[in-house]
Amino acid sequence: MPKPKIIAVVGPTASGKSALGSFLAQKLGGEVIAADSRQVYRGMRVISRAEPGHMVGVADPRRQYSAGQYQKAAAKICSSVLQNTGIPIVVGGTGFYADALLRGGLPQVAPNPALRAALNKKTQKQLLAQLAKLDPASAARVDPHNKVRLVRAIEIAKALGKVPPTGTTDNKYDVLWLGLPRSKNLAAGVEGRLGRGMLAEAKKLRTRLSKKRYAELGFEFDLLADYLDKKISKKELVEKIANGERKYAKRQMRWFKRSKEIFWVTGKAQALRLAKKHLSR
């Protein structure tokens, strides 16, 4: 039996993935399924650059949402779209989420509550140093600002000796991987989101979340809090977020560059041509 065909659009933050995914969905009769660890949360559509699609705003930001939860929910949506003769178009910059859904092979390691409690007392810097000792390759891939991901990586490394990359052993799909390169003008994107309600989202989330949970959602949140508290100027806010996104984009590219399957495209026409060829095979 031939494997179901799926299109994935991946790349670093602010590269235009969502716009390309929406374009392909419109042209090909597809449905967008987001693969983003922050777009899953409600109340941060502007902050996370979310566009309409599945797996957007499905989780309560007060509670952590894991890659395992994402994999199960997104896999059901993929099946539903395929059954309705549609084309799933998986779009996102969280490589771990995209790989978990489309490549399979998430490590089956049960949570260790005692270990998690001890690790949660440490800073992100301390956790990254500990992970680097256990598994340098995993430490190079993980988001150093994501405490939840750091704790989980250490948990897996302690149980298995290392954090295995998501593999292809359980791959059920025939995937065309399209990649978009890094944006060169991140500051303009930050300015645009500020104009579309980024601060309003930050204010609302700040009233609903604990200080700890608020900071766990991403490096921007500490910066947005500093701006709201008048500790930094708007210019400093834009510069600091853009610099943080630049560093984050480099880490994302390291993840995606591991894969030789990704076709790095320069525009919509090229992406559409490759997608049509993939679907016609």
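Buried means under 20% relative accessible area, exposed means over 50%, and partly exposed covers what falls in between. Keep that yardstick handy, because Arg62, at 47%, counts as partly exposed by it. One thing to know up front: this is a predicted model. Below is a quick tour of its strands, its salt bridges, a charged surface patch and a couple of backbone oddities.

**The strands**

- Let's start with β1, which covers residues 5–10 and is mostly covered, with six of its six residues buried.
- Side chains in a regular strand alternate between the two faces of the sheet.
- In β1, Lys5, Ile7 and Val9 point one way, while Ile6, Ala8 and Val10 point the other way. Both sets are buried.
- β1 has β4 (residues 174–179) as a partner, and the two run in the parallel sense over six bridges. Across that pairing, Lys5 sits opposite Asp174 of β4.
- β1 also pairs with β3, again in the parallel sense, over four bridges. Here Ile7 is the residue facing Ile89 in β3.
- β3 pairs with β2 as well, in the parallel sense and over five bridges. If you want a spot to look at, find Ala34, which stands opposite Val91 in β3.
- β2 is mostly covered too, with four of its five residues buried.

**Just before β1**

- Pro2 belongs to the segment that comes before β1. With a relative accessibility of 72%, Pro2 is exposed.
- Pro2 and Tyr173 are 171 residues apart along the chain, yet their C-alpha atoms are separated by 8.8 Å.

**Salt bridges around Asp60**

- The structure has 16 salt bridges in total. Four residues, Asp60, Arg62, Arg63 and Arg208, are tied together in a network of them.
- Within that network, Asp60 and Arg62 meet through their side chains, at 2.7 Å from N to O.
- How buried or exposed are these two partners? Asp60 is buried at 12% relative accessible area, whereas Arg62 is partly exposed at 47%.
- Asp60 also forms a salt bridge with Arg208, at 3.9 Å from N to O. This pair connects distant parts of the chain: Arg208 is in helix α9 (residues 198–208), Asp60 is in the loop between β2 (30–34) and α2 (67–83), and their positions lie 148 residues apart in the numbering.
- Arg208 is partly exposed, with 38% relative accessibility.

**A salt bridge inside one helix**

- Over in helix α7 (residues 147–160), you'll find both Glu155 and Arg152, three residues apart, which is about one turn of the helix.
- Their side chains form a salt bridge, with the closest N and O atoms 2.6 Å apart.
- Glu155 is buried, at 3% relative accessibility. Arg152 is partly exposed, at 23%.

**A positive patch on the surface**

- Which residues make up the positive surface patch? They are Arg182, Arg246, Lys247, Lys250 and Arg254.
- Take Lys247 as an example: it is part of helix α12, which spans residues 234–257.
- Lys247 counts as exposed because its relative accessible area is 58%, and exposed means over 50%.

**Unusual backbone angles**

- Most residues other than glycine have a negative phi. That makes a positive value worth a second look.
- Met55 is not a glycine, but its phi is positive, at about 65 degrees. You can find Met55 in the loop between β2 and α2.
- Thr85 is another non-glycine residue with a positive phi, near 60 degrees. Thr85 sits in the loop between α2 and β3 (87–92).
- Which of the two is buried and which is exposed? Met55 is buried, at 5% relative accessibility, while Thr85 is exposed, at 72%.

Terms used: Residues are numbered from 1 along each chain as its sequence is written. This is a predicted model: local features need pLDDT of at least 70, side-chain atom pairs count only at pLDDT 80 or more; totals for chains, interfaces and linings use all residues. Side-chain values use heavy atoms; hydrogens and water are left out. Patches are made of residues with over 30% relative accessible area and no salt bridge: like charges are joined within 9 Å, nonpolar side chains (Val, Leu, Ile, Met, Phe, Trp, Tyr) within 5 Å. Accessible areas come from the Shrake-Rupley method with a 1.4 Å probe; for residues, only the protein chains shown count as cover. Lys and Arg count as positive and Asp and Glu as negative; His and the chain ends are not counted. The place of a charge is taken as NZ of Lys, CZ of Arg, CG of Asp or CD of Glu. Buried means under 20% relative accessible area, exposed over 50%, partly exposed in between (1.4 Å probe, protein chains only). Two strands pair if DSSP finds at least two bridges between them.
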